[in-house]
Amino acid sequence: MIRTERIVIVGAGLGALYAALELAPRPVLMISPEALGDGASSAWAQGGVAAAMAASDSPEAHAADTVSAGAGTVDADVAAMVTRVARDHILDLTSLGTPFDRDAEGGYVMSREAAHSAARVVRVQGDQAGRQIMETLIAALRATPSAQVIEGALATRLETDGDRVTGVWIASSRAPSGEVLIEAPAVLLAGGGSGGLYAHTTNPPRIRGQVIGMAARAGAQMADPEFVQFHPTSFDIGEDPAPLATEALRGEGATLINRHGTRFMLDVHPDAELAPRDIVARAIFAETQAGNRPMLDTRAALGAEVLTQFPSVAETCARAGIDPVNAPIPVAVAAHYHMGGIAADQAGRSSLRNLWVCGEASSTGLHGANRLASNGLLEALVYARNAAADIATTVPLAEAAPVPVAFPEGGQDPDPEAVAELRRTMTDHVGVRRTAEGLETALRTIARLEAAHADDPSFLNMTATATLIAAAALAREESRGGHWRDDFPDPNPAMAHRTLLHLSEALALRMSVLNEAQ
Ligand SMILES: Cc1cc2nc3c(=O)[nH]c(=O)nc-3n(C[C@H](O)[C@H](O)[C@H](O)COP(=O)(O)OP(=O)(O)OC[C@H]3O[C@@H](n4cnc5c(N)ncnc54)[C@H](O)[C@@H]3O)c2cc1C
C-alpha cells in the first residue's frame, strides 16, 4: 500500500488532462495505461467541440438543441449550465495554444453537425480537433510540475470504507502484474466510456467500460446505462476498431446512398442525412441488414477537397484502397458513445464520498437518451473544471512527494476469447435494435463469462458495465433516443425520465432472468 496526498486521476484523455491542469498547483497522480494521450477517444475526435461562438448563435439555442436531441430525458438545468460556459472553455483552449480553424477576420470556423440548428462546432484543420487539443494539453501538462503521470498502469478496483472511497488499486497495463493500492484524499475517474464493449465500435481498444464498472462494483450510483449512441457512419472495411467517417462530412453536404444509388434518408426524416444520429443509425442498419450496402457519397459535395479538408478520412480511404473523389465510402453502424455512466452532479461528484467523475465515464444528464453531436468533448471540459474546483474546496492544498510504484508479480490479462465473446454478445443482442429475448440471452452469456473469470478484476469491470447496459435496456420497455426496442417501438411518456440504479439492482434483474431459464 502507498499513501499519498496527491489527488489520483484515473485516465489520461481530455477530462483527465484538463482536470490536472485545473487542479495545479495541487499535486495530482495521473494513471495512464498508455503513453500520455494514446488510447483515449479524445485524441480520435474528428468533428470538434460544440459551442455557441457565432454572433448569430446563443447558449440558449445550443441548450434547446441539446434538450431536443436527448429525446425527453435531458436535465435542462445541466444543459443550460454546460452551454453557458462553453464559450469560455473554447477561449481557454485557444489561449493554451489550440490552433482552431479561423476565418479571414479571425472568427472561429464553425461546422454544422446533425440536429444542431446552427453551424456550432469549432474544429481544427478539418477533422483534427481531438488530436490537436490533446497535443496542446499534453504539452501544458508536461510543463506542470505538480502533475505526476504513471504511464503503463491501469486502475482495477476502488478501495472503500463504507460509502467513502479511500484509494485505487492499480496494476501494470504492459504485462500481467499484481495490484498495488494507492490511498489518496480524492479520486477523479476520467476513464472514458464503454463503446469497446461492442464488437463493432469506433472507440480505442482500452475504452471498454472498465472504469464505469469499477465504480459500479464499489457501490456508486449509475445513470442511464441503457443509452448507447451508435455512430451511423463508421468505415465498413473490416477493421477493429472501425474508423470514423465524421458527421461533418454530412454537414458539408455528403449524402447517404445504397448500392442502387438511392438516397434512402430522404424517405426517413425531413432532415435527411442530418437527422438525429439514432434515426440515421437505424436507417443505415436496415440497409445493411437488407443487403443494400449503405455508402457515404462525398463526391458532389466535396470533390477532391475531401482529401485536404478531412485528412483522417483521406488516410483511412488510402489504407482501404478507396478513392473518395470518385467512389462512395462503404459505411456501417458502430457503438460510439455511452450517454450512461457513473451518476454525477453538477460538481462532478458521484454518490460515493471522495469520488468525482468527468467525461464519458460520467452520466450528468446533459445527453439524455441521445447525445447531440460534439457535446461529448464539451461535457468532458466542463465537468473536468467543475470537479477540479469542487475537489479544491474539499481537499486541503498539501505538498506531496512523487509516488514510487513497483508492481508485484502475479496477475493476468483478460482472456481474449472471453472478451471477444462478450463484445460479440453486446453487438448481437444489446446493439442498435434490441428485444427482450436478445437482452435475456445477453444477460445469460454475460453471467456465464463472469462466473468463468471471477478472479480477473478488469474483466469483472467489463461484465459489470455490460450487465448494467443490458439490464437497464431490458427494463426500459419503450424506444427512446439511442435505445430501440423492436418489441416496444414507441416512446412511453410515463418513462420520459432518467434511469438511476445500482449494480446490485441490475444483478438482481439478471438473476431473475437466469432463474426463469431454469
Ligand atoms: C472516433 C471518435 C470520434 C469522436 N468525435 C467527437 C467529436 O468530434 N466531438 C465530440 O464532442 N466528441 C467526439 N467523440 C466522443 C469524445 O471523443 C469522448 O466522449 C471524449 O473524448 C471522452 O473524453 P474522456 O476524457 O472522458 O475519455 P477518453 O478520452 O476516452 O480517455 C479515457 C482515458 O482513460 C484511460 N483508461 C481506460 N481504462 C482505464 C483504467 N482501467 N485505468 C486507467 N485509465 C483507464 C484510457 O486509456 C484513456 O486515457 C468521439 C469519439 C470517438 C471514439
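Modeller: Gln125 lies in the loop between strand S6 (121-122) and helix H4 (129-142); helices (H or I, at least four residues) and strands (E, at least two) are DSSP runs numbered from the N terminus. This is a predicted model, where local features need pLDDT of at least 70, side-chain atom pairs count only at pLDDT 80 or more, and totals for chains, interfaces and linings use all residues. Residues are numbered from 1 along each chain as its sequence is written, and side-chain values use heavy atoms, leaving out hydrogens and water.

Colleague: Thanks! What makes Gln125 worth pointing out, given that it is not a glycine?

Modeller: Its phi is positive, about 45°. Most residues other than glycine have a negative phi, and most peptide bonds are trans. On that second point, the bond from Ala24 to Pro25 is cis, with omega near 10°, and Pro25 is in the loop between H1 and strand S3 (28-32). The bond from Asp240 to Pro241 is also cis, with omega near -5°; Pro241 is in the loop between strand S13 (228-235) and helix H6 (248-251).

Colleague: On to the ligand: which residues come nearest to it?

Modeller: Ser42, Gly47, Gly48, Glu360 and Leu377 do, out of 38 residues around it. A residue joins that shell if one of its heavy atoms lies within 4 Å.

Colleague: How do you know that Gly15 makes a polar contact with the ligand?

Modeller: A backbone N or O atom of Gly15 is 2.9 Å from a ligand oxygen. A polar contact is a pair of N or O atoms within 3.5 Å (within protein, one must be able to donate a hydrogen and the other to accept it, and residues adjacent in sequence count only if both atoms are side-chain atoms), so the Gly15 pair qualifies. Backbone N or O atoms of Ser41, at 3.0 Å, and of Ser374, at 3.3 Å, pass too. Taken alone, the ligand exposes 1000 Å², and the protein buries 98% of that (Shrake-Rupley areas with a 1.4 Å probe).

Colleague: What makes up the shell around the ligand by class?

Modeller: There are 16 nonpolar, 19 polar and 3 charged residues. Ala, Val, Leu, Ile, Met, Phe, Trp, Tyr, Cys and Pro count as nonpolar, Asp, Glu, Lys and Arg as charged, and the others, Gly among them, as polar. The largest share, 3 residues, comes from H11.

Colleague: Why are H13 and H15 called roughly perpendicular?

Modeller: Helix H13 (residues 436-452) and helix H15 (residues 503-517) pack at about 100°, with axes 9 Å apart. Axes are lines fitted to C-alpha atoms over the stretch in contact, and angles run from 0 to 180 degrees between N-to-C directions. Under 35 degrees is roughly parallel, over 145 roughly antiparallel, 65 to 115 roughly perpendicular and the rest oblique, so this pair is roughly perpendicular. Its contact residues divide into 6 nonpolar, no polar and 5 charged.

Colleague: And why is H12 described as roughly antiparallel to H13?

Modeller: Helix H12 (residues 416-429) packs against H13 at about 170°, with axes 9 Å apart. That angle is over 145, so H12 is roughly antiparallel to H13. By class, their contact has 7 nonpolar, 5 polar and 2 charged residues.
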